[in-house]
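Colleague: Could you take me through the reasoning behind a few of the labels on this one? I would like to see each value set beside its cut-off.

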Amino acid sequence: MKLVTQVRYGIRILLDLAMNQGKDVVQMSDISSRQNISLKYLEQLIRPIKDAGFVISKRGRKGGHRLSISPENITLAQIVRIFEKEYGPGEADDDKEGYSEYQDSLIRKAWDEARTAFYERLDKVTLADLSIDTTKKLWSDSDLLIFG
């Protein structure tokens with residue numbers, strides 16, 4: 001399964017905010033340069049994230065964004081749901097010949113079970129988890145021993 005770009009970038013935005021939460025606010029231009037994502041695209045992606053209540057903004061020359069919820073309380077499943085359209089059962093086909101309708105119901109059931117397992121797993125991974133793992137990776141080549 002491949003996540004859409006909006007989901008991946010949305011997670012990267014929130015992860016960047018989590019890793020820079022010591023600052024009052026983080027400017028989108030800083031996120032853009034660190035994440036190598038165009039500023040225009042980031043501005044589009046921040047809207048649904050704000051609408052979901054994960055980020056608050058401060059306007060003005062020294063404005064920016066910051067998390068409104070602790071990284072420990074934001075799961076990947078929550079972020080995916082912001083951007084992913086839920087796949088419904090779909091329209092019924094006019095093809096009533098044979099057992100295709102029955103097969104479609106079996107396929108939908110299998111897909112629903114897979115989607116449930118997917119979200120259950122992502123509900124167990126938080127932004128804090130990703131932030132810690134990213135920090136470990138950034139420091140792994142350092143002469144300073146921080147993580148054993």
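Colleague: Which residue forms a salt bridge with R81, and how far apart are the closest N and O atoms?

Modeller: D123 is the partner, and the closest N and O atoms are 3.9 Å apart. Do keep in mind that this is a predicted model.

Colleague: What makes that a salt bridge?

Modeller: The cut-off asks for a side-chain nitrogen of Lys or Arg within 4 Å of a carboxyl oxygen of Asp or Glu. At 3.9 Å, the D123 and R81 pair meets it. The two ends sit in distant parts of the chain, 42 residues apart: D123 is in the loop between α5 (100–122) and α6 (127–139), while R81 belongs to helix α4 (residues 76–83).

Colleague: Why are D123 and R81 called partly exposed?

Modeller: Partly exposed is the range between buried, under 20% relative accessible area, and exposed, over 50%. D123 has 36% and R81 has 38%, so both land in that range.

Colleague: How many salt bridges does the structure hold?

Modeller: Five. One of them joins the side chains of D16 and R34, at 2.7 Å from N to O. Since D16 lies in helix α1 (residues 5–19) and R34 in helix α2, this pair ties together parts that are 18 residues apart in sequence.

Colleague: Are D16 and R34 buried or exposed?

Modeller: D16 has a relative accessibility of 3%, and the limit is under 20%, so D16 is buried. R34 comes out at 38%, between the two limits, so R34 is partly exposed.

Colleague: What about the salt bridge between E113 and K109?

Modeller: Their side chains meet at 3.6 Å, N to O, which is within the 4 Å limit. E113 and K109 are four residues apart in helix α5, and therefore about one helical turn separates them. In general, an α-helix has 3.6 residues a turn, so residues three or four places apart point the same way.

Colleague: Why does K109 count as exposed and E113 as partly exposed?

Modeller: Exposed means over 50%, and K109 has 51%. E113 has 48%, so it stays in the partly exposed range.

Colleague: Back to the helices: why is α1 called roughly perpendicular to α2?

Modeller: They pack at an angle of about 110°, with their axes 10 Å apart. Roughly perpendicular covers 65 to 115 degrees, so the label applies to α1 and α2. Their crossing is right-handed. R12, I13, D16 and L17 in α1 meet I31, R34 and Q35 in α2, so the salt-bridge partners D16 and R34 are among the residues in contact.

Colleague: How do you know that the length of α3 agrees with what a helix should span?

Modeller: At 1.5 Å a residue, its 13 residues should span 18 Å, and the end C-alpha atoms are 19 Å apart, which agrees.

Colleague: Which residues of α3 are buried, and what covers them?

Modeller: L42, L45, I46 and I49 are buried in α3. The cover includes α1, α2, β1 (55–58), β2 (64–67) and α4. After α3 comes G53, with a positive phi near 90°.

Colleague: What is the phi of N36, and where is N36 found?

Modeller: N36 has a positive phi of about 55° although it is not a glycine. N36 is found in the loop between α2 (28–35) and α3 (39–51). With a relative accessible area of 67%, set against the limit of over 50%, N36 is exposed.

Definitions and conventions:
Residues numbered from 1 in each chain as written. Predicted model: local features only at pLDDT ≥ 70, side-chain atom pairs only at ≥ 80, totals over all residues. Heavy atoms only, no water. Buried < 20%, exposed > 50% of the residue type's maximum accessible area, 1.4 Å probe, protein only. Expected span 1.5 Å × (residues − 1). Contact = heavy atoms within 4.5 Å. Axes fitted to C-alpha atoms, helices over the stretch in contact; angles between N-to-C directions. Parallel < 35°, antiparallel > 145°, perpendicular 65-115°, else oblique. Left-handed = near helix turned anticlockwise from the far one by under 90°.
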